[in-house]
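Me: Could you take a close look at one part of this model with me? I would like to go through the ligand site and what surrounds it.
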Amino acid sequence: MPHDFALLFRAASFAAQAHSGQRRKDADQSPYINHPLAVAQLLTEVGGVQDLELLIAALLHDTVEDTEVSLEEIAERFGERVRDLVAEVTDDKSLPKQQRKRLQVEHAPQLSAGAKQLKIADKISNLRDLSSTSPAGWSLERKRQYVDWGEQVVAGCRGINVALEQQFDQTVQEVRQRLATDASRGDGA
Ligand code: NDP
Ligand code: ZN
């Protein structure tokens, strides 16, 4: 429906604006918006997701955590279900990082079906980035720890979307292979 497309592109544009001053952590400082776009694309292309509100939430999933955008604003613009999905995948940044990491693992099984799929797509995108355009200065050990943690989070998100889960497993395998190759070559970073 034309209306649906309009809302989807409004969300993409809103996310691009919100993240406009931000960059990913790779050496080339890629535009941040590449990541939410990749997450929405994974959901629809790999996961077969046609739920418009879930795709909108994917585009917006890091806005509250990483920009000035509030959950209230998201509810006003895109409705309460989109707000609730974004809230489910938003970390409380006032907490210490290790606690946030642990809470993601603990909370994953309680997420809604939509948020679980969003989480898996988010982790696939971040693992791909970790492998192809890894954060500047990260040691092999830190990358390995990130893969291990991603697996723990996704363990709590299984049972909803087999295609996304399989893509995640394949990505983990590929990243681990890549890291092993880097290790054997003696590439530290
Ligand atoms: P961070 O949470 O600081 O960074 C990873 C996050 O950055 C991703 O989840 C993603 O989040 C975002 N991101 C931006 N650009 C990229 C990119 N190019 N590739 C991948 N992700 C990107 O990482 P951690 O602090 O969790 O570090 C990973 C692991 O390493 C942890 O298990 C931690 O315990 C450990 N660690 C090790 C250290 C060491 O020196 N050995 C030091 C600190 C931590 P989003 O989806 O929100 O954009
Ligand atoms: Zn993300």
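Which helices each supply at least two residues of the shell around ligand 1?

Reply: Happy to! This is a predicted model, where local features need pLDDT of at least 70 and side-chain atom pairs count only at pLDDT 80 or more, while totals for chains, interfaces and linings use all residues. Residues are numbered from 1 along each chain as its sequence is written, chains are lettered from A and ligands numbered from 1 in the order written, and side-chain values use heavy atoms, leaving out hydrogens and water.

The helices are α7 (97-107), α8 (113-132) and α9 (140-155); a helix here is a DSSP run of H or I, at least four residues, numbered from the N terminus. The largest share of the shell, 4 residues, comes from α8. In total, 20 residues surround ligand 1, the closest being Arg-24, Tyr-32, Lys-97, Lys-101 and Tyr-146 (a heavy atom within 4 Å).

Some polar contacts (N or O pairs within 3.5 Å) stand out for a modeller. Oxygen atoms of ligand 1 lie 2.5 Å from a side-chain N or O atom of Lys-97 and 2.7 Å from one of Arg-24. For Asp-122, a polar side-chain atom is 3.3 Å from a ligand 1 oxygen.

Asp-122 is also a donor to the zinc ion (ligand 2), alongside His-35 (NE2), His-61 (NE2) and Asp-62 (OD), at 2.2 to 2.3 Å. Donors are N, O and S atoms within 2.8 Å of the metal (3.2 Å for Na, K and Ca); with water not among the atoms, sites may look incomplete. Along the sequence, the donor spacing reads H-x25-H-D-x59-D. Both His-61 and Asp-62 are buried, that is, under 20% relative accessible area (1.4 Å probe, protein chains only).

Methods:
Buried < 20%, exposed > 50% of the residue type's maximum accessible area, 1.4 Å probe, protein only. Polar contact = N/O pair within 3.5 Å; in protein donor to acceptor, adjacent residues only side chain to side chain.
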